[in-house]
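User: Could you take a close look at one part of this model for me? I'd like to understand one of its helices and the packing around it.

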Amino acid sequence: MAETRTDLCAQLSSEHRVVLANLERLEAALERPDLEGVSRALAFFQEGLVAHRRKEEEVLFPALARHLGSEGGPVGCMLHEHRMEAALLESLRSAVVACRPGGGDSRRWIEAGMALVGHLRDHIAKEDQVLFPMAEQLLGPGERLEVETGMAAIGGCCPECASRGRPGDGGEG
Ligand SMILES: [Fe+2]
């Protein structure tokens with residue numbers, strides 16, 4: 001079937017698939033439970049997502065906010081969820097660090113990790129299914145060029161994203 005979404009948000013959606021794959025790794029490590037595996041997954045969420053968040057918060061969201069406003073509404077909601085994501089990441093990081101010296105109680109990092117997994121899956125679904133289609137509809141040619149240029153200037157999300165090459169190359173489904 002032909003891909004109807006243009007390149008504008010395909011790159012962000014492709015990065016979301018990398019995030020979802022890492023969420024599966026995190027979830028598997030939480031279920032074992034395996035603190036080392038959780039730590040490795042946590043490193044991805046702390047470092048590998050920086051460029052992706054910047055592309056959304058510094059480029060796409062401001063362009064959409066010109067049509068939708070930034071207080072409340074879909075853009076405000078996504079920004080709020082990014083702040084929640086940062087708080088959940090911090091609570092997982094602090095739970096992992098607190099556990100390190102003696103192994104300690106695993107419940108805290110398992111709960112923090114599961115909360116992050118649930119939040120990010122919901123958030124990504126909203127962006128992919130609601131916000132990105134809105135962007136495709138609302139943004140005119142000049143704005144699209146501005147968004148594409150801005151995202152290109154920020155660059156790749158992480159080595160895993162970069163290895164996927166251009167959006168639309170496929171990868172896991
Ligand atoms: Fe995103």
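Analyst: Happy to; here is a walk through helix 3 and then its surroundings. Keep in mind that this is a predicted model.

Helix 3 covers residues 50–68, and at F61 it has a kink of about 40°. The proline P62 comes shortly after that kink. F61 is itself one of the buried residues of helix 3, a list that also has H52, K55, E56, V59, L60, A63 and L64. So what do these buried residues pack against? Their partners are helix 1, helix 4, helix 5 and helix 6, the last of these spanning 141–154. Just after helix 3 comes G69, with a positive phi of about 80°.

Now to the nonpolar cores. The largest has 18 residues, and L26, V38, A41, L92 and A112 touch the most other members. At least two residues each come from helix 1, helix 2, helix 4 (73–99) and helix 5 (107–138), with helix 1 giving the most, six residues. Apart from this core lies another, of 16 residues, and L60 is among them, along with L8, L12 and L139. L60 is thus a link back to helix 3, where it is buried.

Returning to L92, a member of the largest core, its contacts beyond four places in sequence are L42, W109, A112, G113 and L116.

One last detail concerns the loop between helix 1 (7–31) and helix 2 (35–48), where P33 sits. The peptide bond joining R32 and P33 is cis, with omega about -15°.

Methods: Residues numbered from 1 in each chain as written. Predicted model: local features only at pLDDT ≥ 70, side-chain atom pairs only at ≥ 80, totals over all residues. Helix = DSSP H or I, 4+ residues; strand = E, 2+ residues; numbered from the N terminus. Core = buried A, V, L, I, M, F, W, Y, C linked by C-beta atoms within 7 Å. Buried ≥ 20, exposed ≤ 12 C-beta atoms within 10 Å, placed from the backbone. Contact = placed C-beta atoms within 7 Å. Bend = angle between axes of the 7 residues up to and from the residue.
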